[in-house]
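Work through the exercises below with the model open. Each one gives a task and then a solution in steps.

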Amino acid sequence: MKLLKASLLPAFLLVIWEIAMRANNVQSDSLAAPSQVAIAFWNALFDGTIFSRTAETLRAAMLGLALGGGSALILSIFLGLVPPAARLAQFSIEVLRPVPAVALIPVAILTLGFGYGMEIALVAFATFWPILIYGMAAIVNIDQQLLDLARVLRLGAYARVTKIVLPATLPRYFVAFRLSMAVSLIIAVTVEIAANPLGIGYELMQASQSLHPALTFALVIWVGFIGFLLNSVLLFAQQRLFGPAGATMVAAP
Amino acid sequence: MTGNAATTAQPARSVGAPLIEFRGISHHFGSREIIRDVNFSIRESEFVCLIGPSGCGKTTLLRMLGGLLTPTAGQVLFGGKPVTAPEKEISFMFQDYSKALLPWRTAGGNVSLALEANGVPAAQRGPRIAELLKKVNLANHADHFPAQLSGGMQQRVQIARCLAQEPSVLLMDEPFGALDAMTRQSLQDEILKLIAVSRTTVLFVTHDLEEAIYLGDRVVALYPNPGRVAQVFDVKLPSPRDQLTTREHPEFLRLRREIFDFVREVEHEAP
């Protein structure tokens, strides 16, 4: 019922679009009717290109996210727990963070050439910041009493991180991870559209340049669907992981 | 804590010699003077209550003995040695129970944390946890998360976790301040019972005069701004204490009057 209600508006718009295209008998190099988009999508699905291209994009996005997110996780714990180090790093972070990842595409091409390497590096750069900033904020916000408890119990550095710091901040890290996941897909597709002959973004660019509006729209819808799917999986995981016990701990969105 | 804490090998101490000594303690936060030249000592197995208005530095003194804070001047001695970091034998019970327990661990898991910290092998933890939770009347709540427990129950979990450390000294920072009167009284009695068995030394911070007299062997009253020792009251009340008879005891009433007058005087004309 909920699904039905939600799909009412998009379905209505699609019908209007289809009727408008047919009524005016549009033959265009830049527009396509929903039925044509559906056929193009079906064909791309059928010959398998859409899957192999998607796999390329996801591979670059996930490896980049793992690299950027993983190093941000470690660095944020260190900087969060060692305030002098955080003060030392603050200026560098403030200078580097605003650099748009896409502005680094020329630099990446120059140093790494085309291919997975440069795409992974750019995704890593873009996903590094949300996790670093959110993570540091999460650690600084751990209740002082929990840190006192760790001291009173004389927990070592490793035990303190694994038994107190990480569990206390995990829900917030997960929110940051979810944000970075969306960023990783955006950056991967952008890099492919702008430069890299790989993945779904490159396929999109090709379809557009060879004047295939139906396929172009089909791919755009597909990319949106992939992003939606990834976020849904993570939302589900978030609710499962931090459900009853975590509800009290998550103050972040 | 089956008398382990008492039999643990300790450096030879003559009976009656102070176990804990605050010696010439002064403390500043920035330019603000918090504590000025505090001196007092605590004998082994003694129950000492610290009272005083807010701003008298009672929690600060407790944190110094807990090894969480180093005084600007003076020394806190434990067993004759200065305390510079948290000691294994000193356990700290926090005021705010809702933040002192790990919300992602069950009651049993929270008790387990202290055992893990002390390097108790995993195989021995289960029975120890069950025994400790039974001691604080939470045997049936081992699998509950703190959020599912009442305030009094959460504070009991904290007591169990402190006992898991097998401490010879227990520091308590207004542990029952946020609880309702009935829960507070039953926890007071439970703590006294547990302490009587283990012969643990206790330093207890409170702003409740009656609680201080009811629990303590001695009550140390502090002046505020900056914190100084104002007066030490010996509590000569029969043990075990009883919520009805002790609180009606002439000596209890006399002390309550004396300390009450003192506190009122302090509030009106802090010297």
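## Exercise 1: A salt bridge across the interface

Task: for A:K163, find the salt-bridge partner and the separation of the closest N and O atoms.

Solution. A:K163 pairs with B:E116 in a salt bridge, and their closest N and O atoms are 2.7 Å apart. The cut-off is 4 Å between a Lys or Arg side-chain nitrogen and a carboxyl oxygen of Asp or Glu, so this pair qualifies. The model is a predicted one. Between chain A and chain B the count is three salt bridges. Polar contacts across this interface come to six residue pairs, both residues being at pLDDT 80 or more.

## Exercise 2: The extent of the contact

Task: state how many residues each chain brings to the contact, and how much area is buried between chain A and chain B.

Solution. Step one is the residue count: 17 from chain A and 25 from chain B. Step two is the area, about 1,900 Å², with carbon and sulfur atoms giving 66% of it. Step three is the share of single residues: A:Q145, A:V152 and A:L153 supply 31% of what chain A buries against chain B, and no other three residues supply more.

## Exercise 3: The chain A side

Task: which helices of chain A each supply at least two residues of the side that touches chain B?

Solution. They are helix 7 (144–152) and helix 8 (157–194). Helix 7 of chain A gives the most to this side, with six residues. Sorted by class, the side of chain A that touches chain B has 10 nonpolar, two polar and five charged residues.

## Exercise 4: The largest cavity

Task: count the cavities of 30 Å³ or more, then describe the lining of the largest cavity.

Solution. The count is one cavity. The volume of the largest cavity is about 40 Å³. Its lining consists of A:T54, A:T57, A:L58, A:L185, A:I200, A:W222, A:V223 and A:I226. Two elements of chain A, helix 3 (49–81) and helix 10 (213–241), give two or more residues to this lining. By class the lining holds six nonpolar, two polar and no charged residues.

## Exercise 5: The second largest pocket

Task: give the volume of the second largest pocket, and say which residues lie nearest its centre.

Solution. The pocket holds about 360 Å³ of space. Of its 14 lining residues, B:L192, B:I195, B:A196, B:S239 and B:P240 lie nearest the centre. Helix 7 (residues 181–198) of chain B gives the most to the lining, with five residues. The lining of this pocket divides into six nonpolar, three polar and five charged residues.

Conventions: Residues are numbered from 1 along each chain as its sequence is written. Chains are lettered from A and ligands numbered from 1 in the order in which they are written. This is a predicted model: local features need pLDDT of at least 70, side-chain atom pairs count only at pLDDT 80 or more; totals for chains, interfaces and linings use all residues. Side-chain values use heavy atoms; hydrogens and water are left out. Contact means heavy atoms within 4.5 Å. Buried area is the accessible area (1.4 Å probe) that two parts lose on being put together, summed over both. A polar contact is a pair of N or O atoms within 3.5 Å; within protein, one must be able to donate a hydrogen and the other to accept it, and residues adjacent in sequence count only if both atoms are side-chain atoms. Helices (H or I, at least four residues) and strands (E, at least two) are DSSP runs, numbered from the N terminus. Ala, Val, Leu, Ile, Met, Phe, Trp, Tyr, Cys and Pro count as nonpolar, Asp, Glu, Lys and Arg as charged, and the others, Gly among them, as polar. On a 1 Å grid over the protein atoms alone, a cavity is a set of points where a 1.4 Å probe fits but cannot get out, and a pocket is an open set with protein on both sides within 12 Å along at least five of seven lines; lining residues have an atom within 4 Å of a point. Grid points are joined across faces, edges and corners, and a volume is the space filled by probe spheres set on the points.
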